[in-house]
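Dear colleague,

I am passing on the structure we talked about, placed just below together with its sequence. Please have it open while you read the notes that come after it.

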Amino acid sequence: MPRKIWTGSINFGLVTIPVGLYAATEDHTIAFHQYQRGTADRVRYRRVNERTGDEVDYNDIVKGREIGGAVITVEPSELEEIAPGRSRTIDITTFVDLDEIDPVFFQKTYWLAPNKKDNFRPYNLLRQAMQETNQAGIARFVLRGKQYLTAVRADDTALALNTLFFADEIRDPADILDTDAAQAEPAGKELQMATTIIESMSGAWEPEEYADTYTAEVERLLAEKAEGAVPEAAEPPPEATDVIDLTEALRRSVDQARSSRGGSRSSRRSELAELTKGELDDRARELGVRGRSKMKRDELEAAVAEASGGRARRAS
């Protein structure tokens with residue numbers, strides 16, 4: 001079971017719900033040690049007094065800043081004693097439409113869970129109310145000595161807490177774009193072909209279909225080197241499309257997308273053929289297929305295959 005990393009309560013109005021905070025994600029990045037090249041000698045970091053060169057124990061280190069030519073240090077206990085260091089609550093100050101929050105503000109996701117069974121009733125009340133209204137509760141809370149702006153939102157089965165960047169932490173894209181070049185408008189034919197490519201490649205969001213292929217390649221690299229083999233280099237990335245070749249590249253992309261669409265449907269039908277009729281019916285219900293109760297198995301399979309591949313296009 002995931003480890004609880006924070007304990008406190010959610011407050012909205014006069015309602016208080018004791019909760020625990022859990023990480024919603026885990027990092028699968030391969031961890032490396034550092035070694036001196038050509039040896040098996042580990043490279044380590046030490047905390048050293050830059051004036052004396054002596055190593056300093058972690059407990060003897062304090063934080064500080066230079067102010068007016070003098071170094072002002074702060075003890076950990078002093079940081080704990082001032083607001084917001086003592087905060088143990090997630091105080092929702094306002095509710096906003098979840099769709100109004102630009103994705104650029106989202107930082108990290110956590111799960112919130114009631115601390116006791118008795119707390120599930122108010123917890124589920126808040127979750128279902130926000131789910132029905134598509135609202136997110138905006139709040140500040142403190143984690144590991146730092147205050148965060150957060151959005152508490154309703155997931156299908158739990159409350160999620162997303163830490164948000166503050167407005168002054170968001171960079172304006174105009175700062176990195178060439179103003180004149182950004183005004184360039186695509187030709188009508190190019191826009192039409194680009195739209196066709198997007199529609200041809202559209203499908204349902206199924207995160208299970210995506211895996212961390214780079215990590216797998218790093219694991220393979222290590223395994224091959226351990227066996228004394230010389231790893232093969234991967235193909236270099238494609239070069240940027242020249243403006244002169246843009247129309248031709250779009251045309252070829254349209255042809256490629258159209259030809260691969262048929263293969264994707266065949267693969268999808270092959271996968272569905274392995275499901276029971278009950279499992280197909282569940283999938284059809286999730287996709288909103290109408291008349292599924294009167295369909296035979298082959299009809300249901302065809303309807304699910306069509307809905308899986310075309311839901312995004314019908315929505316657009």
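What follows is a short account of what was found in three places.

Please keep in mind throughout that this is a predicted model, and that the values below are computed from it.

I begin with the aromatic rings, where the count comes to three aromatic pairs. In one of them, the ring centres of Trp 6 and Phe 141 lie 5.1 Å apart with their planes at 90°, and the pair is therefore edge-to-face, since planes over 60 degrees apart are counted that way. This pair joins distant parts of the chain, as Trp 6 sits in strand 1 (residues 4–12) and Phe 141 in strand 7 (residues 135–143), with the two positions 135 residues apart in sequence. Both Trp 6 and Phe 141 are buried. Phe 141 also pairs with Tyr 148, and here the arrangement is tilted, with 6.3 Å from centre to centre and 35° between the planes. Phe 141 has a relative accessibility of 0% and so counts as buried, and Tyr 148, at 17%, counts as buried as well, because the cut-off is under 20%. Taken together, ring pairs link Trp 6, Phe 141 and Tyr 148 into a cluster.

The second place is Asn 119, which is found in the loop between strand 6 (106–114) and helix 2 (120–133). Although it belongs to a loop, Asn 119 is buried, its relative accessible area being 14%. If its neighbours within four places in sequence are left aside, Asn 119 is in contact with Ile 17, Pro 18 and Pro 114. With regard to Ile 17, the two residues are 102 residues apart in sequence, yet their C-alpha atoms are 6.4 Å apart in space.

The last place is helix 4 (residues 188–200), which has 13 residues and spans 18 Å from its first C-alpha to its last, close to the 18 Å expected at 1.5 Å a residue. Within helix 4, Glu 190, Met 193, Ile 197 and Ser 200 are buried. When one looks down the axis of helix 4, these buried residues fall within an arc of 95°, so they line one face of the helix. On the face of helix 4 that is turned away from this buried side, you will find the exposed residues Gly 188, Gln 192 and Ile 198.

With best regards

Conventions
Residues are numbered from 1 along each chain as its sequence is written. This is a predicted model: local features need pLDDT of at least 70, side-chain atom pairs count only at pLDDT 80 or more; totals for chains, interfaces and linings use all residues. Side-chain values use heavy atoms; hydrogens and water are left out. Helices (H or I, at least four residues) and strands (E, at least two) are DSSP runs, numbered from the N terminus. Buried means under 20% relative accessible area, exposed over 50%, partly exposed in between (1.4 Å probe, protein chains only). Contact means heavy atoms within 4.5 Å. Rings of Phe, Tyr and Trp (its six-membered ring) pair if their centres lie within 6.5 Å; planes under 30 degrees apart count as stacked, over 60 as edge-to-face and the rest as tilted. The expected span of a helix is 1.5 Å times one less than its number of residues. The arc is that of the directions from the helix axis to the C-beta atoms.
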